[in-house]
Each structure stands twice: as structure tokens, then as C-alpha cells.
Amino acid sequence: MSKRDYYEILGVSRTVTETELKIAFRKAAMQCHPDRHPGDPEAEARFKEVNEAYQCLCDPQKRSAYDRFGHAAFEQGGGGFGGFGASEGFGASMADIFEDLFGDVMGRRSRSGGRERGSDLRYNMEITLEEAYVGKTASLKIPTSATCEACSGTGAKKGSKPKTCTTCAGHGRVRAQQGFFAIERTCPACQGRGELIDNPCTSCSGSGRKTVERSLSVNVPPGVEDGTRIRLAGEGEAGVRGGPPGDLYIFLSVKPHPMFQRDGADLYCRVPISMVRAALGGDIRVHGIDGSEIKLKVPEGSQTGRQIKAKGKGMPVLRTRDFGDLHVQLSVETPQKLTKRQKELLAEFEKESSHETHPEEHGFFARMKDLFGG
């Protein structure tokens, strides 16, 4: 039975590049991998066929010979290359192929000297709206793991050093060959660290780290919002056995303000005004979040809910020179506890009123009359 064309097996053209060839091989190998088709002899045969095609085409010299002579180039005595078939070099290359395909998924990376990155830390900080407006520099005291000074983070007693694990040769993982496949697991001797400590440091009990309270200064920029995250690189827990430290993440929450509500960079506040001021119009003065006095003009005939905008009097936009706006919502207050004279004046005013004075009221009752009659 004649063998299939290697390019056809991998589904590529004869002008395929090295990168495209590798991608095609990974895709084909994943589709027919025996682990995905347990007990299927056809899948196993297909996997061998894909591997054989790739082993030939990924080698420039073998690929050149194959392009010239086809499969005859690898038959005994053909083209001077000797035999090359599914069995030659297959067992030795399978571990490398399995590593290439599934190495990242299985976490197959050597641990250089057992040095591991430290954990990230989280700190929750609450600030006021005024502090979010101007920014602040905060001093924090955070309990964390720091590198042990006695052993410089190695975990070994002063004057001694960790020894490379002989079981895994310092890789932290051991590999067992089972047929075509190589299976890796965490080294049981060193627990994946790649090192063994015969004389542990008495100060840190061999961990290379000690719990300490650190003082940090954090710069909170103007314009931060609720939920803003600030990252301090390298300020997390110390790494294991001298590994790099983690990061510290500060999550900000802004306290509710008794007067202002915030929406992005805009501020909103409710301002009550008298019925007379709403009717006649006039000026009112309010204070912004920065404490400055803001003069606003109330239009004549203003109703409850009307908004007046003070441009640029809101919150700063983070890391820019822009500012949001302040939106003042008017709330018309009905007078209470009137004197006799005040009631008389209002009664006279009511006699002089018409549908033009209270268009909304007259319009509402007119619609009710049309809707229900009478």
C-alpha cells in the first residue's frame, strides 16, 4: 500500500512556512491524539502518521530530499539518507512533541532553584469625596511576608546552601515514559521546588520569609472613582527562596457625601428655593466640592426639578486637566406656618391668577374634564 503524501497528511501546501507547518501539526495532532480517542487504533495510527510527516518536513534537509524524491528518499539506500519511517526515532521524539503540544497546559516549566514569585496582596482604602477631588498621600501599615535577612531568602542556615534535588535534577518535576507518552508530575522529594535544604534557617524555619509590618506611602491622584485600583509593583509578599515579590493592589472606595452625588466626573446636588424666588427668578449662591462659592441665576418661573449647570465645577477627570460639571436641581418649597397677613396676600394673589399663571394646573384639570366629562 502506497504511503500518503506528507503535505496532504498535514493539510498544507508545498510552499508552507516553518511557522505554518508547526501550527498545522499542532492542530492535526490535537485532533487525533490517542488521549482523546482511547482504545481507537485508527486514531493512534493517524497520530503516528502525522508525527512522521512533521518529523520529515520540519527538517530542512529531509524536506528538500522529500520534495525531490518523495518517499523513496528515505527507503534503504535511497538518496543516501538511510531509512526513515514511523518507527525510527519515534519513541525518542514523542516526549518532545508531547512537551510542545501540552507543556503550557500541564505547567511544564522548570523552577529555577525553587524560586517562586510571591503572592499579590489586596488593601481596601476608604476616602472622602473631597479627598477624591484634591488627591492625597496616604501612609499605610500592611502586614506582609518579607525576605528573611538571616538567610537572604534562601531558607538555608547561614554558611550553608540549598542542594539541588537529585530526584528531579532541580526541575521540580519528574517524568515517566509510558509507551508513546511521557507523563510528568510534581517531584515528591522536593515538592516541586527543585531544591532540598539540609540545614534550615532557624530564623524563618527554612521558608526564606518572615511576617513583618511594612509602612508604605501611597499617592492617590485627583479624580479617582469608587472601585479604582492602584497597583504598587513589588510591594506584595516576598518570593519563595529569593524569588521576585508579588504586587500590592489598593482598592479605593469613596464615602457617600451628605450633599453631592457623583456620576463619573459630574456632581449633582438638590437646592431648595422659595416659591417667590422660583416665580420671580433671581440669584442663589451654592458651594462647590472645593469649598468655593458659586453664583447661579434662577430663571423666572422655575419649577421643581429644573437643573442649572455650573460648568467645570464638578470632579477632575483622572490624569487629565479636564473637570466635570456641577448640576444643581431646584426644589420649590411651599411656604408653611403663614401669618394672617401672608394668607391674605396669597388669597389676593390667587384671585388675580389665571390659566396663564398656572398653566400646568389648568391643563391637567382640563384634560381630566375631557377624559371623564362633567
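## Exercise 1: Strand E8 and its neighbour

Task: determine how many bridges join E8 to strand E9, and in which sense the two strands run.

Solution. Four bridges join E8 to strand E9, residues 248-254, and the two run antiparallel; strands are said to pair if DSSP finds at least two bridges between them, while strands (E, at least two residues) and helices (H or I, at least four residues) are DSSP runs numbered from the N terminus. The model is a predicted one, in which local features need pLDDT of at least 70 and side-chain atom pairs count only at pLDDT 80 or more, whereas totals for chains, interfaces and linings use all residues. Residues are numbered from 1 along each chain as its sequence is written, and side-chain values use heavy atoms, with hydrogens and water left out.

Within this pairing, Arg 231 has Tyr 249 of E9 as its bridge partner. The side chains along E8 alternate, with Ile 230 and Leu 232 pointing to one face, where they are buried, and Arg 229 and Arg 231 pointing to the other, where they are not. Here buried means under 20% relative accessible area, exposed means over 50%, and partly exposed lies in between, for a 1.4 Å probe with protein chains only. In a regular strand the side chains alternate between the two faces of the sheet.

## Exercise 2: The loop before E8

Task: locate Asp 226 in the chain, and state which residues gather with Asp 226 in a patch of negative charge.

Solution. Asp 226 is placed in the loop between strand E7 (209-220) and strand E8 (229-232). Because its relative accessibility is 53%, Asp 226 counts as exposed. On the surface, Asp 226 gathers with Glu 126, Glu 225 and Asp 263 in a patch of negative charge. Patches are made of residues with over 30% relative accessible area and no salt bridge, like charges being joined within 9 Å and nonpolar side chains (Val, Leu, Ile, Met, Phe, Trp, Tyr) within 5 Å. Asp and Glu count as negative, Lys and Arg as positive, and His and the chain ends are not counted.

## Exercise 3: Salt bridges

Task: state how many salt bridges a search of the whole structure finds, and describe where the partners Lys 3 and Glu 52 lie in the chain.

Solution. The search finds 17 salt bridges, each defined as a side-chain nitrogen of Lys or Arg within 4 Å of a carboxyl oxygen of Asp or Glu. One of them joins the side chains of Lys 3 and Glu 52, at 2.4 Å from N to O. This pair links distant parts of the chain, 49 residues apart, with Lys 3 in the segment before helix H1 (6-10) and Glu 52 in helix H3 (residues 41-57). Glu 52 is buried, because its relative accessible area is 7%, whereas Lys 3, at 43% relative accessibility, counts as partly exposed.

A further salt bridge joins Glu 237 and Arg 209 at 3.6 Å, N to O. This pair, too, links distant parts of the chain, Glu 237 in the loop between E8 and E9 and Arg 209 in strand E7, 28 residues apart. Arg 209 is partly exposed, with a relative accessible area of 23%. Finally, Arg 4, Glu 8, Arg 46 and Glu 49 are linked in a network of salt bridges.

## Exercise 4: Strand E11 between two partners

Task: identify which residues form the covered face of strand E11, and name the residue that stands opposite Tyr 268 in the pairing with E10.

Solution. In E11 (residues 266-274), the covered face consists of Leu 267, Cys 269, Val 271 and Ile 273, and the uncovered one of Asp 266, Tyr 268, Arg 270, Pro 272 and Ser 274. E11 pairs with strand E10 (residues 261-263) in the antiparallel sense over three bridges, and in this pairing Gln 261 stands opposite Tyr 268. The two strands form a hairpin with two residues between them, and Gly 264 in the turn has a positive phi of about 65°. E11 is also joined to E15 by eight bridges, and these two strands run parallel; the bridge partner of Tyr 268 in E15 is His 327.

## Exercise 5: Positive phi outside glycine

Task: give the phi of Lys 337, and decide whether Lys 337 is buried or exposed.

Solution. The phi of Lys 337 is near 50°, a positive value in a residue other than glycine. Lys 337 lies in the loop between strand E15 (326-333) and helix H8 (340-352). With a relative accessible area of 82%, Lys 337 is exposed.

Technical notes:
Accessible areas come from the Shrake-Rupley method with a 1.4 Å probe; for residues, only the protein chains shown count as cover. The place of a charge is taken as NZ of Lys, CZ of Arg, CG of Asp or CD of Glu.
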